[in-house]
Amino acid sequence: MLQTIIRFIVSAIVLMVVGYLVPGFSVAGFWGALISAVVIAILGYIVELILGKNISPRSRGIVGFIVAAVVIYISQFIVPTIHTTVVGALLAAFVIGLIDAFVPTELR
């Protein structure tokens with residue numbers, strides 16, 4: 001349970017950093033980023049249930065990248081503290097993937 005909480009806190013911090021770095025993507029505050037991290041994780045889980053684990057953003061392929069961008073884009077309609085454009089979602093998915101390569105937000 002503690003590992004899950006730490007994972008979401010790290011994910012929220014990553015979202016805040018990405019919101020600062022990426023034009024067209026913004027998250028309002030830590031609590032907004034934390035809620036966004038939870039919503040993005042839930043949406044990613046739903047996508048994995050529907051399409052299978054090979055489609056997951058963790059598969060690190062181009063399809064996983066596109067799925068991550070779509071999940072980020074859709075999350076803005078659920079969480080009012082996250083705002084993005086299509087290009088912003090693509091750039092955010094790319095930067096999150098880069099950050100995840102060095103600071104993994106999920107225990108492997």
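**View 1. Model confidence, from helix α3 to strand β2.** Helix α3 (residues 62-75) has the lowest mean pLDDT among the elements of the protein chain, at 85, and strand β2 (residues 82-84) has the highest, at 92. Here pLDDT is the predictor's confidence in each residue, from 0 to 100, while helices (H or I, at least four residues) and strands (E, at least two) are DSSP runs, numbered from the N terminus. For the protein chain, the mean pLDDT is 83, and 86% of residues reach 70 or more. This is a predicted model, in which local features need pLDDT of at least 70 and side-chain atom pairs count only at pLDDT 80 or more, whereas totals for chains, interfaces and linings use all residues. Residues are numbered from 1 along each chain as its sequence is written, and side-chain values use heavy atoms, with hydrogens and water left out.

**View 2. Helices α1 and α2 where they cross.** The axes of α1 (residues 2-21) and α2 (residues 29-51) come within 8 Å and cross at roughly 115 degrees. Axes are lines fitted to C-alpha atoms, for helices over the stretch in contact, and angles run from 0 to 180 degrees between N-to-C directions. The two helices are therefore roughly perpendicular to each other, a term for angles of 65 to 115 degrees.

**View 3. Transmembrane spans.** An unreviewed UniProt entry places the feature "transmembrane region" at residues 5-22, 28-50, 62-79 and 85-103; such annotations may be inferred rather than shown by experiment. In residues 5-22, the end C-alpha atoms lie 25 Å apart, and the span is 94% helix and 0% strand. For residues 62-79, the end C-alpha atoms are 26 Å apart, with 78% helix and 0% strand.

Methods: Angles under 35 degrees count as roughly parallel, over 145 as roughly antiparallel, 65 to 115 as roughly perpendicular and the rest as oblique.
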